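Got the viewer open? Let's walk through it one selection at a time, starting with a helix and ending with some rings.

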Amino acid sequence: MFSLRQLQYLVTVVDEGSFTRAAEALHVTQPALSHQIRALERAAGAPLLERLPRAVGLTPAGRAMLPHARAALSDASRAESAVRQAADLSAGELRLATVYSVSIGVLPATLRTWSRRYPGIDVRLFEHRHADELAEAMTVGQADLAIGPPPSGWTGPVHRLGTEEFVVAVPADDPLAVRGAAEVELAALRDRRWVHYGPDNGLADILDRACHDAGFRPRTAVRTEQTASAPTLAAAGLGPALFPANLVPDGYEGHILRPVPAVTRVLAAYSRTRLDGLSGAFLAVLVENASGLLAAPGTGPA
């Protein structure tokens, strides 16, 4: 097996035309250079250089190897440059994984700030239906950083971002909306048919659990696979919907109520290992932008 150092020594000998000048250019002793060239020839299984009276020439095997040696050194140089660019945030790719509701609620503002601040860094976003699915994807190395509910028993770094509050939406002509109610006990909605979520959507579990805690099981008017559809379906009168407050669209035509008691979930950013410079920079931007969408860690409703 050839090493990059051996290939560099071969190319330098050819370019300099002698072992003496190549050793000077490489800042090594001539015996050390000769030793590495011999090791390269043994690995190649054939002589690569022909030692002439006043110069060094290439054997047929050497002529065959030289362009590949140059290409390998060029690729290594580009790889080194790419690492440097990623380290100084001038180029590279960041892979993020999250759940659907976070990708349309918390993340857009962060991604906008990131793209303006670091235009040379591409973002690859992987979206998942459920927090468990997200954690499984992170376990097998899908992304550099995950943003979502923190998984229990996670052994890697976890940075708590804050508490996300949920709201209930009803149409503008709903009796609760007409009298201007700002809050509602979920038990008061036990006889309603709800806008629910597909069984694989993590928000389905949150709605079922909240209603269970209020003493009933929600009846379903419609199930949607698309988290963003729930506010629209609720405003259309199909039934109340429960979703994160940061998903309420501008100019929303429905009426928003805060459930009593509050329905919340913790969001976090987590990774398998210690964050590198690129992931750490994104986390800083995420914390900066999420502060306006989430209650600070430890300060949200219980």
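Select helix α1, residues 4–16, and colour its buried positions: Q6, L7, Y9, L10, V11, T12 and V13. Keep in mind as you click around that this is a predicted model. The helix runs for 13 residues, and its first and last C-alpha atoms sit 18 Å apart, close to the 18 Å expected at 1.5 Å a residue. Step just past the end of α1 and you land on G17, which has a positive phi of about 80°.

Now add helix α3, residues 30–44. How far apart are the axes of α1 and α3, and at what angle do the helices pack? The axes are 9 Å apart and the angle is about 110°. Angles of 65 to 115 degrees count as roughly perpendicular, so that is what α1 is to α3. To see the contact itself, show side chains for R5, Q6, L7, Y9, L10 and V13 on the α1 side; they meet L33, Q36, I37, A39 and L40 of α3. Sorted by class, this contact has eight nonpolar residues, two polar and one charged.

Keep α3 on screen and bring in helix α2, residues 19–26. Here the axes come within 9 Å and cross at roughly 105°, which makes α2 roughly perpendicular to α3. Pick F19, T20, A22, A23 and L26 in α2, then look across to Q30, L33, S34 and I37 in α3. This contact has six nonpolar and three polar residues, with no charged ones. While you're there, click on L33 and I37: they turn up in the contact with α1 and in the one with α2.

Next, the aromatics. How many aromatic pairs does the structure hold? There are three. Start with W114 and Y118: the ring centres are 4.5 Å apart and the planes meet at 50°, so this pair is tilted. Both W114 and Y118 are buried. Add F282 to the selection, and you have a cluster of W114, Y118 and F282 linked by ring pairs.

Last stop: W154 and Y270. Their ring centres lie 4.9 Å apart with the planes at 65°, so call this pair edge-to-face. Trace the backbone from each ring: W154 is in the loop between β5 (145–148) and β6 (158–170), while Y270 is in strand β12 (residues 264–270), so the pair ties together parts 116 residues apart in sequence. Buried or exposed, these two, W154 and Y270? Both W154 and Y270 are buried.

Technical notes:
Residues numbered from 1 in each chain as written. Predicted model: local features only at pLDDT ≥ 70, side-chain atom pairs only at ≥ 80, totals over all residues. Heavy atoms only, no water. Phe/Tyr/Trp six-rings, centres within 6.5 Å; stacked < 30°, edge-to-face > 60°. Buried < 20%, exposed > 50% of the residue type's maximum accessible area, 1.4 Å probe, protein only. Helix = DSSP H or I, 4+ residues; strand = E, 2+ residues; numbered from the N terminus. Axes fitted to C-alpha atoms, helices over the stretch in contact; angles between N-to-C directions. Parallel < 35°, antiparallel > 145°, perpendicular 65-115°, else oblique. Contact = heavy atoms within 4.5 Å. Nonpolar A, V, L, I, M, F, W, Y, C, P; charged D, E, K, R; others polar. Expected span 1.5 Å × (residues − 1).
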